[in-house]
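Dear colleague,

I am handing over the structure that I mentioned, and I would be glad if you could look through it alongside these notes.

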Amino acid sequence: MSQPKVFVTRVIPDAGLDLLRPHVELDIWPDELPPDYETLRARSATVDGLLCLLSDRIDAALIEGSPRLKVISTMAVGFDNIDIQAATARGIPVGHTPGALTEATADFAFALLMAAARRITEAERYVRAGRWKTWGPMLLMGQDVYGATLGIIGLGRIGQAVARRARGFDMRVIYYGGSDEDAARAIGAERRSLEDVLAESDFLSLHCPLTPETRGLINADALRRMKPTSILINTARGAVVDHAALYQALRDGWIAGAALDVTDPEPIPLDSPLLTLDNCVIAPHIASSTERTRARIARMAAENLLAGLRGERLPHCANPAVYGQ
Ligand code: GLV
């Protein structure tokens, strides 16, 4: 019997590919850059399974134009790049990778928080530029982390992991959004209104998915409510933040700094005014990028894909409605 055909939209860690190799006929996109949309559509049109990344647009047209497709598996926890409704309507389960990247992402969110609070990337540039002349009584003064208030938007798995780290810094944790009251109590996080979280946080860390409700949530109005000494950290999705408003906020001192692992669009255009600011730390969407974590995510994505090809329930399904739930 011939093996199911699978398109993998980039070279992913062997931990995932090795699981697939014995069971499927693999077509792997070899480039560092993603296939363009038309190529993605054409390659998806003839396969039984699609293993994609968060940078691939899997829209209704692609799904409808892929008559053999039995399963879509994304190597990510977020799935805002996939038209879930269209997949569900076609009876196609969509796999994702919740849990696998929680701790690595929380580590990175905290790294960004510390970097922005203590101006580490700016200090590094200062030293390398030969500007360090002496110990300065007011040199590169930042914000205290210990004892500060951390606001979390979206107290889900990753938000909770960030809150646990904050306890080690004796931070007060307040949050908006995210439903698990027991988990919040266990980590000592207080639920507040969005307005209160914006107004009271010294650090505001975003951990919500990108949905129609959260798109542009951190807009000019929200940024104006924040403290002038506060710092915004985004490891969720770029489009949760209005970038034009953020630029104004950072330039005009509405807030003290920002640290972004995600931007809108990605990659951030080199002429983005955010790149001209010293008080904005920007990383290329690498929060989950540790060797162990990326291997685990690749394995989970492969397991979801194989389950879907066998007609079994996906271990981690983003659209359980496909199973009538
Ligand atoms: C990363 O951003 C992910 O959604 O896994």
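What follows is an account of the sheets, the helices on them, the nonpolar cores and a few backbone details.

Please keep in mind throughout that this is a predicted model. The protein averages a pLDDT of 97, and 100% of the residues score at least 70. Among the elements, helix α8 (residues 181–186) has the lowest mean pLDDT, at 92, while strand β10 has the highest, at 99.

I begin with the sheet of seven strands, which is open, has parallel pairing and follows the order β8-β7-β6-β9-β10-β11-β12. Its edges are β8 (189–191) and β12 (280–282), and because each of these has a single partner strand, one side of each is left without a neighbour in the sheet. Direction ignored, neighbouring strands of this sheet are turned by 20° against each other on average. At the β8 edge, strand β7 (residues 172–176) pairs with β8 in the parallel sense over three bridges, and Y175 has R191 in β8 as its bridge partner.

Two helices on this sheet deserve mention. Helix α5 (residues 102–117) packs on the sheet and touches β6 (149–153), β9 (203–206), β10 (231–234), β11 (257–260) and β12, with a direction that makes about 150° with that of β10. Helix α7 (residues 157–167), for its part, lies across β6 and β7 and runs at about 175° to β6.

Strand β9 is worth following in some detail. On one side, β6 and β9 pair in the parallel sense over four bridges, with I153 standing opposite L206 in β9; β9 is also joined to β10 by four bridges, the two strands running parallel, and here the bridge partner of F203 is I231 in β10. The side chains of β9 alternate, in that F203 and S205 point one way from the strand whereas L204 and L206 point the other way, and all of them are buried.

The other sheet I would point out is an open one of five strands, in the order β2-β1-β3-β4-β5 and with parallel pairing. Here β2 (25–28) and β5 (94–95) stand at the edges, and since each has a single partner strand, one side of each is left without a neighbour in the sheet. Strand β4 (residues 71–74) is joined to β5 by two bridges, the strands running parallel, and I72 stands opposite V94 in β5. Helix α12 (residues 291–309) packs on this sheet, where it touches β1 (5–8), β3 (49–52), β4 and β5, and its direction makes about 175° with that of β4.

Turning to the interior, the largest nonpolar core has 55 residues, and those with the most contacts inside it are L150 and F203. Two or more residues are given to this core by each of β1, α1 (14–20), α5, β6, α7, β7, β10 and α12, and the largest share, nine residues, comes from α12. Where does this core lie with respect to domain 1 and domain 2? Domain 1 (5–100 + 291–323) and domain 2 (102–282) both give residues to the core, so it lies between them. As for F203, if its neighbours within four places in sequence are left aside, its contacts include L113, A117, L150, M171, I231 and I233. There is also a second, separate core of 31 residues, which includes L198, L204, L210 and I218.

Finally, there are some backbone details that you may wish to inspect. Most residues other than glycine have a negative phi, and most peptide bonds are trans. A cis peptide bond joins D264 and P265, with omega about 5°, and another cis peptide bond joins E266 and P267, with omega about -10°. P265 is found in the loop between β11 and β12, and P267 likewise has its place in the loop between β11 and β12.

Positive phi values occur at R119, where phi is near 55°, and at L140, where phi is near 50°. R119 is found in the loop between α5 and α6 (120–128), and because its relative accessibility is 27%, R119 counts as partly exposed. L140 lies in the loop between α6 and β6 and is also partly exposed, with a relative accessible area of 22%.

With best wishes

Conventions. Residues are numbered from 1 along each chain as its sequence is written. This is a predicted model: local features need pLDDT of at least 70, side-chain atom pairs count only at pLDDT 80 or more; totals for chains, interfaces and linings use all residues. Side-chain values use heavy atoms; hydrogens and water are left out. Two strands pair if DSSP finds at least two bridges between them. Axes are lines fitted to C-alpha atoms, for helices over the stretch in contact, and angles run from 0 to 180 degrees between N-to-C directions. Contact means heavy atoms within 4.5 Å. Buried means under 20% relative accessible area, exposed over 50%, partly exposed in between (1.4 Å probe, protein chains only). A nonpolar core is a set of buried Ala, Val, Leu, Ile, Met, Phe, Trp, Tyr and Cys residues joined through side-chain atoms within 4.5 Å. Domain bounds come from an automatic or database domain assignment. pLDDT is the predictor's confidence in each residue, from 0 to 100.
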